[in-house]
Amino acid sequence: MSSPAQFRSPGSVRDLSRTAVLHLSGSREGFAAARDFTHRTLDGWSLEHCADDALTVVTELAANAVLHALPDPPQDAGDVRLRLSLRRSHLVCAVTDPSDDLPVYPHAGEDPLLEHGRGLHMVEALSEHWGWTRRSPVGKTVWAMLPTRTHT
């Protein structure tokens, strides 16, 4: 079994016993790194049963941050970070970005066949809770809490 500490690179990942952080780039390689990081972290925390939902949530949150926050980030605003935190009965997947624009949740009645705009619906469906928090001086963190207990 691998541990998040095994793939830590200085400056890009901070690994604590129940928290792991990855700085994301706005490229395809960055998304692949986020998925690999999530998979390895969950492996190390013995949460393989949460992997499918967590990978979907991380991919959606990271894509939203890169697509909507990185094209025109405020000067000196920072970068995009993925944080995975293990709590007593939840895995928290959080993506912080430099944009003050809040996530856009498509309204009921919009065309369900649109190519874009369904990501937060998927995040909502897979998580017990999700939301966002404004950051100071700029930016926000969008987070989702996924249950870690298996249903028997």
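**A walk through the fold, its core and one hairpin**

Of the 152 residues of the protein, 42% count as buried, and I should say at once that what we have here is a predicted model. The protein exposes about 9000 Å², and carbon and sulfur atoms supply 51% of that surface. Three helices and six strands make up the protein, and if you follow the elements from the N terminus on, they run β-β-α-α-β-β-α-β-β. As for contacts, if we take those with a separation of 6 or more, residues 24 or more positions apart account for 63% of them.

Let me begin with the strands S2, S3 and S4. Strand S3 runs antiparallel to S2, to which six bridges join it, and six bridges also join S3 to S4, again in an antiparallel arrangement. Serine 85 is a convenient place to see both pairings, since in S3 it stands opposite threonine 19, while in S4 its bridge partner is valine 92. The connection from S3 to S4 is a hairpin, made through three residues. Strand S3 is also mostly covered, with five of its seven residues buried.

That brings me to the interior. In general, nonpolar side chains in soluble globular proteins tend to be buried together. Here the largest nonpolar core has 29 residues, and among them Trp45, Leu82, Leu84 and Cys93 touch the most other members. Seven elements each supply at least two residues of this core, namely strand S2 (19-24), helix H1 (28-44), helix H2 (51-69), strand S3 (80-86), strand S4 (90-97), helix H3 (119-126) and S6. Helix H2 gives the most to this core, with seven residues. To make this concrete, which residues does leucine 82 touch, if we leave out those up to four places away in sequence? The list is Ala20, Val21, Leu22, Leu24, Ala34, Phe37, Thr38, Val58, Ala94 and Val95.

Three of those names, Ala34, Phe37 and Thr38, come back when we turn to helix H1, where they are among the buried residues, the others being Gly30, Thr41, Leu42 and Asp43. The length of H1 can be checked as well: at 1.5 Å a residue, its 17 residues should span 24 Å, and because the end C-alpha atoms are 24 Å apart, the two values agree. After H1 comes serine 46, whose phi is positive, near 55°.

The last stop is the hairpin of S5 and S6. Strand S5 (residues 129-134) and strand S6 (residues 140-147) run antiparallel and are joined by six bridges, and tryptophan 132 stands opposite valine 142 in S6. Five residues lie between the strands of this hairpin, in which glycine 139 takes a positive phi near 105°. Valine 138 is found in the loop between S5 and S6. Although valine 138 and aspartate 101 are 37 residues apart in sequence, their C-alpha atoms are 9.8 Å apart in space.

How many aromatic pairs does a search of the whole structure find? The search finds one, and that pair is formed by tryptophan 130 and tryptophan 132, which are tilted, at 5.9 Å centre to centre and with 50° between the planes. Why, then, does tryptophan 130 count as buried? Its relative accessibility is 19%, and the cut-off for buried is under 20%, so tryptophan 130 falls on the buried side. Tryptophan 132, by contrast, is partly exposed, because its relative accessible area is 37%.

Conventions: Residues numbered from 1 in each chain as written. Predicted model: local features only at pLDDT ≥ 70, side-chain atom pairs only at ≥ 80, totals over all residues. Heavy atoms only, no water. Pairing = 2+ DSSP bridges. Helix = DSSP H or I, 4+ residues; strand = E, 2+ residues; numbered from the N terminus. Phe/Tyr/Trp six-rings, centres within 6.5 Å; stacked < 30°, edge-to-face > 60°. Buried < 20%, exposed > 50% of the residue type's maximum accessible area, 1.4 Å probe, protein only. Core = buried A, V, L, I, M, F, W, Y, C linked by side-chain atoms within 4.5 Å. Contact = heavy atoms within 4.5 Å. Expected span 1.5 Å × (residues − 1). Areas by Shrake-Rupley, 256 points an atom, 1.4 Å probe, with all protein chains shown as cover.
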